[in-house]
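Reader: I am new to this structure and would like a close look at a single part of the picture, the salt bridges. Could you take me through them slowly, with the reasoning spelled out?

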Amino acid sequence: MDGRGLATRPGGTPGRVRPRGRGTPRPGVEGRRLIPDRFLAVLRCVECGSGPLETADGGLACASCSRAYPSTGGVLDLTPARSLPLPRLYQDPDYVAWTQRFAGEYDYFSETRGPIGWVEDAGHRAVRAMRQGRSPHRVIDLGCGNGVHRRFVDDPAPFLAFDHDPAILGVLRARYPDYACARADGHRLPLADRSVDQIVNVYNLEHMPFLDHVLEEMARVLAPGGEAYVSVPNEGGRAWSLGRALTSARHFRGAGFDYSRVISISHIHCVWELEKAVRRHFRILQCVRFPTGLPSFHLNLVTTWRCGPRAGTLG
């Protein structure tokens, strides 16, 4: 939770390759092996919006604008050539030092057992319970990190996991080879309108500086009757602040950066902001508060919403 989400990172322009013709045999092509068949028909070019994408050497490509989507280390890169530029506060020296160290600390947040693991797993447990009894055809795990939600999924076949960090996706692919993943930008998802039945988003929105852009994209790709499951830490609440003081703040004491400053940047939104933003784009159908269940952000650590499309949205 106290880490990075599906944030944009400035990047170079991938090369262009010639897509294979529609009549070309496709079995065995790497780009198709990396994406579940059920998602191939709904993938869209993030530059021009055309689709479906064509097979190409080492990946996929857009037949309309010839934009290439290569794979690296077995992970397909579906990000746009240019991402939204991050605000200057992300150049803060303490935050930069944190990001350089964070890859080695990811498991502290996602894999630690005991009280920390009990809290960290709370959002995943709530999402699993909300999804039970449903049979979706396509599910995206948006801001998947190292794939921790795979531990809470019985059938990974409908899933395609997205994150912007290629290093952490490499960890996911090594740990959970049956959990399909790709690099993507949450501000411009490589999917057609109304194309997915469920969206899982656990401990991610609190990191998004352009929060409404991400929520707009989630609403755009959600199919009619679909559901989004959003879980967030109760950032700003008294219980959450006390819990941090007793755990991660102690863990990173003397780490060479100001952890409280880092978290004020990393968790750029408090839980009250997040709830209002979610309500702008979705109808909240169910709310689960952990651990007390009482209707107070101050008295709980994690909040999970089951959301449906709002009237008038694409979903």
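Author: A salt bridge here is a side-chain nitrogen of Lys or Arg within 4 Å of a carboxyl oxygen of Asp or Glu. In this model, which is a predicted one, E47, R67 and R188 are linked in a network of such salt bridges, and by the rule just given the count comes to 13 salt bridges.

Among them is the pair formed by D212 and R280, whose closest N and O atoms are 2.9 Å apart. Because D212 lies in helix 7 (residues 211-221) while R280 lies in helix 11 (residues 271-281), this pair ties together parts that are 68 residues apart in sequence. As for its surroundings, D212 has a relative accessibility of 26% and so counts as partly exposed, and R280, at 48%, counts as partly exposed too.

Helix 7 also holds R220 and E217, which lie three residues apart, or about one turn of the helix. These two side chains form a salt bridge in which the closest N and O atoms are 2.8 Å apart, and both R220 and E217 are buried.

A further salt bridge joins the side chains of E235 and R244, with a distance of 2.7 Å from N to O. Since buried means under 20% relative accessible area, E235 counts as buried with its value of 10%, and R244 counts as buried with its value of 13%.

Notes:
Residues are numbered from 1 along each chain as its sequence is written. This is a predicted model: local features need pLDDT of at least 70, side-chain atom pairs count only at pLDDT 80 or more; totals for chains, interfaces and linings use all residues. Side-chain values use heavy atoms; hydrogens and water are left out. Helices (H or I, at least four residues) and strands (E, at least two) are DSSP runs, numbered from the N terminus. Buried means under 20% relative accessible area, exposed over 50%, partly exposed in between (1.4 Å probe, protein chains only).
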